[in-house]
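Hi everyone, thanks for coming. Let's have a look at this one together, and I'll keep it short.

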2 protein chains.
Amino acid sequence: MLRKNRLFTPGPTPLLPAAQVAMASANIHHRTADFRAIYSRTLADLKELIGTRNDVLLLVSSGTGAMEAAVSNLNSAGDKVLVLTAGKFGERWQELTTRFGCKVEILSAAYGQTFSPADIQAGLDSSIRTVFVQATESSTGVRHDVEAIARLLRSHAPDALLVVDAITGLGTTHLDVDSWGIDFIIGGSQKALMIPPGLAYCAVSERAWARMETTQFPRYYFDLRRERKAAAKGESAFTPATSLVVALAAALDYLRQLGNGDLGAGRNVLIAGAEICAEMTRAAAQALGLKLFASAPAAALTAITSPYAIDSGKIVAAFRDKFGAVVANGQAEMKGKLFRIAHIGYYDYLDTIGIIGALELVLDSLGLKVETGSGLRAAQQVWTKSNAGQLSRA
Amino acid sequence: MLRKNRLFTPGPTPLLPAAQVAMASANIHHRTADFRAIYSRTLADLKELIGTRNDVLLLVSSGTGAMEAAVSNLNSAGDKVLVLTAGKFGERWQELTTRFGCKVEILSAAYGQTFSPADIQAGLDSSIRTVFVQATESSTGVRHDVEAIARLLRSHAPDALLVVDAITGLGTTHLDVDSWGIDFIIGGSQKALMIPPGLAYCAVSERAWARMETTQFPRYYFDLRRERKAAAKGESAFTPATSLVVALAAALDYLRQLGNGDLGAGRNVLIAGAEICAEMTRAAAQALGLKLFASAPAAALTAITSPYAIDSGKIVAAFRDKFGAVVANGQAEMKGKLFRIAHIGYYDYLDTIGIIGALELVLDSLGLKVETGSGLRAAQQVWTKSNAGQLSRA
């Protein structure tokens, strides 16, 4: 039987066919009225998708570029900042702020865990200028409680800016940017937006813009004030990744259709879908006797501890070799210990049932005792009980 | 009659169809053996295309990102650097080095001009750490004599590193990176490589790598030493723009075919083609009584002074409205004063004759007295006398 190559990785994620076609046929110069119209509409649509009144900017970079932009635009040498870290991407905040010369306070939680409110509160005081966190830590599959963190910040360090890496969080978890007071939120193109990597985006609050008036770190390519001025004219400061912008415009059109003309509703369909796919996967894993790695699991992805201490690389390889399915191994210290199945963006019931059906046979092929079909049944029950089930019977 | 949308801008340039198809169908995760094979081959092919033994790296950014990488990786605060500027992109070196806090010496030439060897020599001394220049200044259409600059550097500031923005120069002008001693050369995907914007690349000398051991500017996203380590394993430090990398691999395959299996020969075909297209365009412009803007014209593009002081925006608009052809206006202070027709990458005889035939009717439609057909005839004569003409008769 042929094996289709399918991504179940927490980015890149499966591509929207309409976006692939748009991307291939784009033959457009960026300093033209045609492109300015697409670019302006894309920025406006992203605002609506995120659900914010803050300015949204696009950058030609991976998500890490936008993380650097948050550090270099919002801070100066010696600024005291608080990094909340519970995995590889939290550690990236630590590396970035350290490299730039901030005075870095660290609050860490063990891999697979999240932070306790008491610890966060203890780490906050009025000398903290900026707090950095992930919405969902893709390396461990944990969801952090951004709403609670934002609330603590407002009480205990009201002048501190809150920066949230929501690269895998946007479109998979509810984030009320303006009400909670997220000053800087970051997304990436290759996640819920269903297009290839190469674009990052961020929404920036007025408080954050005000901060940039005085911050001193050198920045040029990621100078957000320059980017904001260009965006107001429908342009980017430097040459934009035109093919990806055109793909993004097509993906946003699709998400609007998904919400019956309302991008916010489209986002909610996406989030609800990720939640059901994740719940199906967790139910299946547990029915198969597997252990979930995350204490507070994100809908973005499900991290499953490798059973019987077998190297999870064998599981990842069997998924690929037997079924063409690309799932993610653990990263860094977690390599070999867990595997990760993503639910970000363009996934549906058939994809999820398919990967669970593959998981059962992968475990079986490795000689692990599993009751084939029990994971699938558990997943079906989740779907049937969910709104998705109710809606489709309506 | 329908009007095809065609780019004659100095980037983005026309897309190679095989690259468009490859880009659309790429559905690949970057941490897989399949992608590592593509990435490693692409880096090796870029080395061969550039014709260098130096390490080549790819960055997810516009060309400006790689320019920033040159500044931030090769220098520290207070370093004395020399910027050679004769247009908008030279001014970008000035802005970047100033923003980062270098001690910036400027040698400027008027727009449309290049630097005199005597002035360069006068600007060089052993205290200069790095020299920044363009190979071709896209805003004015001028070619700078990089070979002569490199020679002066070796004599008068042998420890200074030479950084060359060859974003429009690579694939349009001969650059002997290793023999001349170019320490850092920069290219962009949307130029001679025939794919959309979003990737920059650079070749870095051993002297430049040694410099990075001690330089102090903060850098993370553009940390080239980290990128070099990743590249050695067929990876990028951060998520690569997979669709553009796959497109680039297809474009490099095409350029190898163009050189009968030899990428260096493919590059020479590209350069010779740009030279002939440019010479055809210059001959046509002069036959029509137009004035070339550049004193030392690059093959990358031909900048033509707007005749009778009419706003060149009208010429650009007529090209677009009558013929669907996108040519570039002047930038910044030169806006309205000149227009620019590019020859970078995927252009041939029919394209060039076509745009000259359009130019004649554009000028006629604006009420300018032109002898229709005289530009075309002059261009045909260039082609016939050229190697291209000789080869095709063989």
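**Two copies and their cavities**

Okay, so turn chain B by 180°, with 0.0 Å of shift along the axis, and it superposes on chain A with an RMSD of 0.0 Å (a least-squares fit on C-alpha atoms of residues with pLDDT of at least 70 in both copies). The two copies are therefore related as by a two-fold rotation axis. Both copies use the same surface, as 100% of chain B's contact residues recur in chain A, contact being heavy atoms within 4.5 Å.

Quick background: this is a predicted model, where local features need pLDDT of at least 70 and side-chain atom pairs pLDDT 80 or more, while totals for chains, interfaces and linings use all residues. Residues count from 1 along each chain as written, chains are lettered from A and ligands numbered from 1 in written order, and side-chain values use heavy atoms, without hydrogens and water.

Now, cavities: on a 1 Å grid over the protein atoms alone, they're sets of points where a 1.4 Å probe fits but can't get out, and lining residues have an atom within 4 Å of a point. Volume is the space filled by probe spheres on those points, joined across faces, edges and corners.

How many cavities of 30 Å³ or more are there? The count is 12. The largest holds about 100 Å³ and has 13 lining residues, with B:Leu58 and B:Glu227 among those nearest its centre. Strand β2 of chain B (residues 55–60) gives the largest share, 3 residues; strands are DSSP runs of E, at least two residues, numbered from the N terminus.

The second largest cavity holds about 90 Å³, and its lining includes A:Tyr39 and A:Phe238.

Key:
On a 1 Å grid over the protein atoms alone, a cavity is a set of points where a 1.4 Å probe fits but cannot get out, and a pocket is an open set with protein on both sides within 12 Å along at least five of seven lines; lining residues have an atom within 4 Å of a point. Helices (H or I, at least four residues) and strands (E, at least two) are DSSP runs, numbered from the N terminus.
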